[in-house]
Amino acid sequence: MDQVKFSGEVMHIKDRGSRHLSQETVKKLIHRSQEAKKQAYSPYSKFRVGAALLTTDNCVFTGCNVENACYNLGVCAERNAISKAVSEGYRNFTAIAIASDLDEQFISPCGGCRQFMREFGPNWDVYLSKPDGSYLKMTVDELLPTSFGPEDLSMKKVFNIPNEY
Ligand code: THU
């Protein structure tokens, strides 16, 4: 890792452009999510989460959860990482790794984050990890089947709502 592109660090991986990631790449991505977890601002829940998002051109954007005294304004780690990437011009993703402190369970992304991921396509991978580095790999589509996405907005409707509505 020796090149920095905006806030997304370029990850030098052999399996460039492919959806299949080597064990080494998965390990690195999970490690990055564990490092991001250390930045979690979670004084209310005391539940730290980190995420590392890999773009199709091999940039990594990380995120942590950021809570707020006005509880409902808290942001999840995954959404943070995705927003960072999108705001830097990246919209195509290969995978996201998620880390928490849960000892015996793979961290499962919340419903809102699943929908947020799905905005950028159903066919990419989510690595739900445990602190020991073990993981469960699922696609966005598996996490959110029969989803609603951007394409649905332009599907045929029974009638068109007039402009002045
Ligand atoms: N949280 C995440 O950041 N990602 C998840 O996938 C699950 C939950 C955060 C939100 C909140 O700050 C804390 O974990 C407890 O729900």
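## Tyr41, helix α2 and the largest pocket

Tyr41 lies in the loop that runs between α1 (23-37) and β3, in a model that is predicted. Because its relative accessibility is 42%, and partly exposed covers the range between 20% and 50%, Tyr41 counts as partly exposed. Leaving aside neighbours within four places in sequence, Tyr41 is in contact with Asn65, Val66 and Glu67; with Glu67 the C-alpha to C-alpha separation is 5.9 Å, although the two residues are 26 residues apart in sequence.

Helix α2 spans residues 77-87 and includes Glu78. The buried residues of this helix are Ala77, Glu78, Asn80, Ala81, Ile82 and Ala85, and they pack against the elements in the table.

| Element packed against by buried residues of α2 | Residues |
|---|---|
| β3 | 49-55 |
| β4 | 59-64 |
| β5 | 93-100 |
| α3 | 111-118 |

Glu78 is buried but has no salt bridge, and the nearest side chain of opposite charge, that of Arg79, is 6.7 Å away. Not counting residues up to four places away in sequence, Glu78 touches Val49, Ala51, Ile96, Ile98, Pro109, Cys113 and Met117. After α2 comes Gly89, which has a positive phi near 100 degrees.

The largest pocket has a volume of about 190 Å³. It is lined by 15 residues, of which Phe47, Val49, Asn65, Cys76 and Ala77 are the closest to its centre. Sorted by class, this lining consists of 9 nonpolar, 4 polar and 2 charged residues. Several of these names recur from above: Asn65 is a contact of Tyr41, Val49 is touched by Glu78, and Ala77 is one of the buried residues of α2.

Key:
Residues are numbered from 1 along each chain as its sequence is written. This is a predicted model: local features need pLDDT of at least 70, side-chain atom pairs count only at pLDDT 80 or more; totals for chains, interfaces and linings use all residues. Side-chain values use heavy atoms; hydrogens and water are left out. Helices (H or I, at least four residues) and strands (E, at least two) are DSSP runs, numbered from the N terminus. Buried means under 20% relative accessible area, exposed over 50%, partly exposed in between (1.4 Å probe, protein chains only). Lys and Arg count as positive and Asp and Glu as negative; His and the chain ends are not counted. A salt bridge is a side-chain nitrogen of Lys or Arg within 4 Å of a carboxyl oxygen of Asp or Glu. Contact means heavy atoms within 4.5 Å. On a 1 Å grid over the protein atoms alone, a cavity is a set of points where a 1.4 Å probe fits but cannot get out, and a pocket is an open set with protein on both sides within 12 Å along at least five of seven lines; lining residues have an atom within 4 Å of a point. Grid points are joined across faces, edges and corners, and a volume is the space filled by probe spheres set on the points. Ala, Val, Leu, Ile, Met, Phe, Trp, Tyr, Cys and Pro count as nonpolar, Asp, Glu, Lys and Arg as charged, and the others, Gly among them, as polar.
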